[in-house]
Amino acid sequence: MNAIFVMLLGLAAMFLGYVFYSKFIAEKIYKLDPNFKTPAHEFEDGVDFVPTNKYVLWGHHFTSVAGAAPIIGPAIAVIWGWVPAFLWVIFGTIFFAGVHDAGAIWASNRNKAKSMGNLTGDVVSKRAQTLFMIVIFLVLLMVNAVFATAISGLLVKFPSSVIPVWGAIFVALIIGQIIFRKWMGLGAISVLGVVALYLLIWAGPSAPLALPETIGGLTDNATWVLILFGYAAIASLLPVWMLLQPRDYINGLQLFIGLILLYAAVLLLGPDMTAPAFNTNLPEDTPSMLPLLFVTIACGAISGFHGLVASGTTSKQLDKETDLRFVGYFGAIGEGSLSLATIIAACAGFATLADWEAVYSSFGQGGVAAFVEGGANIISQGVGLDNEIAETLLTVMAVLFAGTTMDTGLRLQRYIFQEWGNIYNISWMQKALPATLLAVISCVALAFGAGSDGSGGLAIWPLFGTTNQLLAGLTLMVITVMLVRLGRPMYVTLLPLIFLLIMTVFALFIQLKGFYMQENWFLFGLDIVVLVAAVWIALEATSALSNLKKEQKS
Amino acid sequence: MRNMNIKSIQQWFSRAGELVNEFYNAPYRSAIARAKRDEDDLFMMLVFSEMMGVPNPASYYTLELQPLMLERFHDWHQRMGMEHSPLDHFRCC
């Protein structure tokens, strides 16, 4: 089938979802009120609570939720063929992610812009709040390990990207200084920054940089993982304006440029989907598609991480309540379109089926590298860019996303450790440096504990997806309870919640068996922790809803 | 006609500039404002350190700053969890 058709079909379906389904949700379920005084107005302080233009708010909601995850997940999941991945991304975006993201903003907006964790405590129960904190910690722990592994894999596979990737950090540092000292306007500096980044990308292939295969007994992959964590630790200790803010900004611009370039190239080239629609020739180690598909693609279909962004920062800046339909639901669609682009790149970017099968030779193979290779083929043939430059471009895009997430993730984890230091009166743990070290040590332990060469990250990808889905389940539970209290229909959030819980528990059992067979006791233990959390969430949800039913009857 | 066009283009550019600025600043507004507030709080401590029994070699100069800090003083002691001014010789509310 032609990729143009797949692309148009997907985009049209998501657009129709926005036009019709989100209208239904906004008007009939959440009953958005343009006259409701949003927290941004009620508590306006110029710091956290600032009414913000809805397009700006959408831009930064979208760029904060879109990272490397909507690329990695679908790129792994197309191993079952492109149709299942395509259907889950499209239907997931329309019926799960959009409702979830907009709902998280709505719930927070109606409760003084409280964060989802606090809301769980208020709306459901204190026990559920504790559970929420545990799940957040697990997600952060895994996301850093996973992304470090994914980046190191890319840096080893595409040595031409090493110089642009690290060069981009210096570009960001310089931009940060120029803006901070007000030497230049933002418009001019954006153009200069993007030009500098693309010059680096253009120069990358002529100066590839590869580490020696082993350094002191460590493989090159493992060395990169260590370097990355060293870098992320330093970056997370710097003031945000110095590196994180300018890098985020450049990444945001890069995201839009990359998406447009990829879609334009598909339109110009019109490649065929060479990957099978349903893969009947699965590599031996591939787990069953049901339920693993639904946890392998988390971001891009539904992701609990979005609820954190939606309730943490977005809800504090909402100008009018009706804006949340665009910000939340269309933000989810932006993310879905990134995943759609990934599916097309990984499935239409290879000349023959044999080439594709060589890349997807076992589960967890392919992945981002397939997105980069396939996407580069499409861009080089469609727009006429040199293949190696296109490869470098896409690698840099994926790595920068993952790098920013690592930096933020490590920062958040440090805050958690510092808070624990506060709660339990451990004075040294309240300081930034020791808390960062603790965060780094726990992430490195996870990255290496699961696989001795630092490849553990990708082995835990499905487990990361599962935990992320649990977080989404918790958010859906909060929204459902709120809807029931208001006497409105609850099925739009309850059905996705039930579906998610069944799939995650099912997936956890299957993975548990897998880890047992591999005798990977580290991941086996982690799986059990997540499983306990999942069952607990199911019980909490049942008890909360049955209590409500009793209350309403009496 | 041409004048009108240039004007509208200029307007369009300045509007785009505003939006880009918002896009750059909005995500980090709170983190930066909080960091600034922390530094201001430290400065407040320095200015009033002598009154709290901490010797300050620059107190001759910081004394002059006290009236200038008055406006922020109320916010500061409330933020620090003290309902009224903690200083005997410096009443607030």
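**Exercise 1.** State the order of the elements of chain B from the N terminus on, and count its helices and strands.

Solution. Step 1: read chain B of this predicted model from the N terminus on; the elements run α-α-α. Step 2: count them by kind, which gives 3 helices and 0 strands for chain B. Step 3: check the confidence. Chain B averages a pLDDT of 83, and 96% of the residues score at least 70. The model as a whole scores ipTM 0.73 and pTM 0.89.

**Exercise 2.** Set the radius of gyration of each chain beside that of a compact globule.

Solution. Step 1: take chain B. For 93 residues a compact globule would have a radius of gyration near 12 Å, but the value for chain B is 22 Å. Step 2: look at the extent of chain B. The C-alpha trace spans about 70 × 25 × 25 Å along its principal axes. Step 3: take chain A. A compact globule of 554 residues would have a radius of gyration near 24 Å, so the 22 Å of chain A agrees with it. Step 4: add the extent of chain A. Along the principal axes, its C-alpha atoms fill a box of roughly 75 × 60 × 45 Å. The elements of chain A are 22 helices and 2 strands.

**Exercise 3.** Describe the side of chain B that touches chain A.

Solution. Step 1: count the residues in the contact; 17 come from chain B and 19 from chain A. Step 2: find the elements of chain B that give two or more residues to this side. They are helix 1 (2–25) and helix 2 (29–47) of chain B. Step 3: sort the residues on the chain B side by class, which yields 11 nonpolar, 3 polar and 3 charged.

**Exercise 4.** Locate the annotated domain in chain A and describe its stretch 2–347.

Solution. Step 1: consult the record. An unreviewed UniProt entry gives the annotation "domain: CstA N-terminal" for residues 2–347 and 365–507 of chain A. Step 2: take residues 2–347 of chain A, where the chain is 70% helix and 1% strand. Step 3: compare the ends of that stretch; their C-alpha atoms are 11 Å apart.

**Exercise 5.** Describe how helix 3 and helix 14 of chain A pack.

Solution. Step 1: give the geometry. Helix 3 (residues 54–65) and helix 14 (residues 323–348) of chain A pack at an angle of about 35°, and their axes are 9 Å apart. Step 2: give the handedness; helix 3 of chain A passes helix 14 of chain A in a right-handed crossing. Step 3: name some contact residues. Helix 3 of chain A contributes, among them, Leu57(A), Trp58(A) and Phe62(A), while those of helix 14 of chain A include Phe326(A), Val327(A) and Phe330(A). Step 4: sort the contact by class, giving 7 nonpolar, 3 polar and 3 charged residues.

**Exercise 6.** Examine the backbone at Pro291(A) and at Lys182(A).

Solution. Step 1: recall the usual case. Most peptide bonds are trans, and most residues other than glycine have a negative phi. Step 2: turn to Pro291(A). A cis peptide bond joins it to Leu290(A), with omega about 10°. Pro291(A) lies in helix 12 (residues 289–296) of chain A. Step 3: turn to Lys182(A), which is not a glycine but has a positive phi of about 55°. Lys182(A) sits in the loop between helix 8 (162–180) and helix 9 (186–203) of chain A.

How values were computed: Residues numbered from 1 in each chain as written. Chains lettered and ligands numbered in written order. Predicted model: local features only at pLDDT ≥ 70, side-chain atom pairs only at ≥ 80, totals over all residues. pLDDT = per-residue confidence, 0-100. UniProt positions renumbered as here; feature names shortened; annotations may be inferred. Helix = DSSP H or I, 4+ residues; strand = E, 2+ residues; numbered from the N terminus. Axes fitted to C-alpha atoms, helices over the stretch in contact; angles between N-to-C directions. Left-handed = near helix turned anticlockwise from the far one by under 90°. Contact = placed C-beta atoms within 7 Å. Nonpolar A, V, L, I, M, F, W, Y, C, P; charged D, E, K, R; others polar. Rg over C-alpha atoms; globule rule 2.2 N^0.38 Å.
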